[in-house]
Amino acid sequence: MTGPEPRRAVRILLCDDHAVVRAGLLALLASAPGIEVVGEAGGGEEAVALAARLRPDVVLMDLQLGPGMDGVEATRRIVAEAANRPAASRPAAPRTTASRTTEPRTPAPGTITSGTAASSKAAGAERGGPYVLVLTTYDTDADVTRAIDAGATGYLLKAERPEELFSAIRAAAEGRTTLSPPVASRVMARVRGAGRPALTDRERDILGQLARGLGNREIARALFISEATVKTHLGRIYDKLGVDTRAGAVAVAKEQRLLP
């Protein structure tokens with residue numbers, strides 16, 4: 001009887017505009033079993049061209065690439081090219097010897113992953129790949145949003161441990177999402193914030209005074225408005241938050257981080 005088909009190495013294209021950083025990553029990835037760097041690019045245009053020619057499973061993509069195409073646009077073009085490639089032109093996944101294979105590994109703690117289980121072939125090659133895994137020092141809301149909207153499968157910060165990078169690469173090759181904890185927190189905050197009620201600045205001010213335990217008269221004095229105006233705003237706040245008490249309004253405001 002023959003044993004199970006050995007897993008082949010995950011083929012990586014590395015894109016970073018700093019030669020020293022690329023050299024360090026090349027040395028680091030060379031120490032990881034089951035991961036093979038098949039090319040490196042110093043800019044977005046070069047990464048797009050190499051991705052089309054080499055057909056790696058994963059592109060490890062920096063965001064800031066100096067003059068020319070940035071990592072977000074390169075990601076968008078690589079993902080679009082892979083999606084539009086005819087199925088007949090997609091290469092079969094090559095076999096490797098047992099010395100280049102690795103058993104499925106549990107994702108390292110500290111990263112968030114989701115998706116399907118591993119197969120005997122890298123998913124990037126199955127779909128005509130590659131998947132793009134962002135590896136950067138930037139974790140602002142704008143950077144994360146742009147990269148994910150462009151089609152990045154994962155978003156990892158360069159401060160992560162090597163084991164987490166290796167795990168993220170393997171997850172990306174299988175089409176699973178991996179996010180560094182700070183990035184995951186930002187994404188979750190955006191998801192939660194999408195359903196937040198739209199309060200006006202005045203309503204937020206009154207809500208803040210409510211949280212301090214002030215009554216209507218005290219709120220009116222603090223904000224230099226009439227008690228009638230406070231009551232009107234309170235009614236609107238209750239409606240927007242779906243509550244009918246002051247305590248309920250404060251509780252919901254804290255839960256949804258609506259307090260100023």
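Visitor: Before we start, when do two strands count as paired, and over how many bridges do S5 and strand S6 pair?

Guide: Two strands pair if DSSP finds at least two bridges between them. In this predicted model, S5 and strand S6 (residues 154–157) meet that condition in the parallel sense, and Thr-136 stands opposite Leu-157 in S6. The number of bridges between S5 and S6 is four.

Visitor: Thanks! Through which helix does the chain cross from S5 to S6?

Guide: Follow the chain on from S5 and you come to S6 by a β-α-β crossover, which is right-handed. The helix in this crossover is H5 (residues 141–150).

Visitor: Which residue of S5 is the bridge partner of Leu-60?

Guide: Strand S3 (residues 58–61) runs parallel to S5, and four bridges join them. Within S5, the partner of Leu-60 is Leu-133.

Visitor: Is strand S5 largely enclosed or open, and how many of its residues are buried?

Guide: Look at both faces: Tyr-131, Leu-133 and Leu-135 are buried on one side, and Val-132, Val-134 and Thr-136 on the other. The strand is therefore largely enclosed by the rest of the structure, with a buried count of six of the six residues.

Visitor: Now the largest nonpolar core: which helix gives the largest share of it?

Guide: This core has 19 residues, with Leu-207, Leu-210, Ile-219, Leu-241 and Ala-249 having the most contacts inside it. Helices H8, H9, H10 and H11 each give two or more residues. The largest share is five residues, and it comes from H10.

Visitor: How many residues are in the other core, the one with Leu-14?

Guide: That core lies apart from the largest one, and Ile-35, Leu-156 and Ala-172 are also among its members. Its residue count is 18.

Notes:
Residues numbered from 1 in each chain as written. Predicted model: local features only at pLDDT ≥ 70, side-chain atom pairs only at ≥ 80, totals over all residues. Heavy atoms only, no water. Buried < 20%, exposed > 50% of the residue type's maximum accessible area, 1.4 Å probe, protein only. Right-handed = clockwise from strand over helix to strand, strands pointing away. Core = buried A, V, L, I, M, F, W, Y, C linked by side-chain atoms within 4.5 Å.
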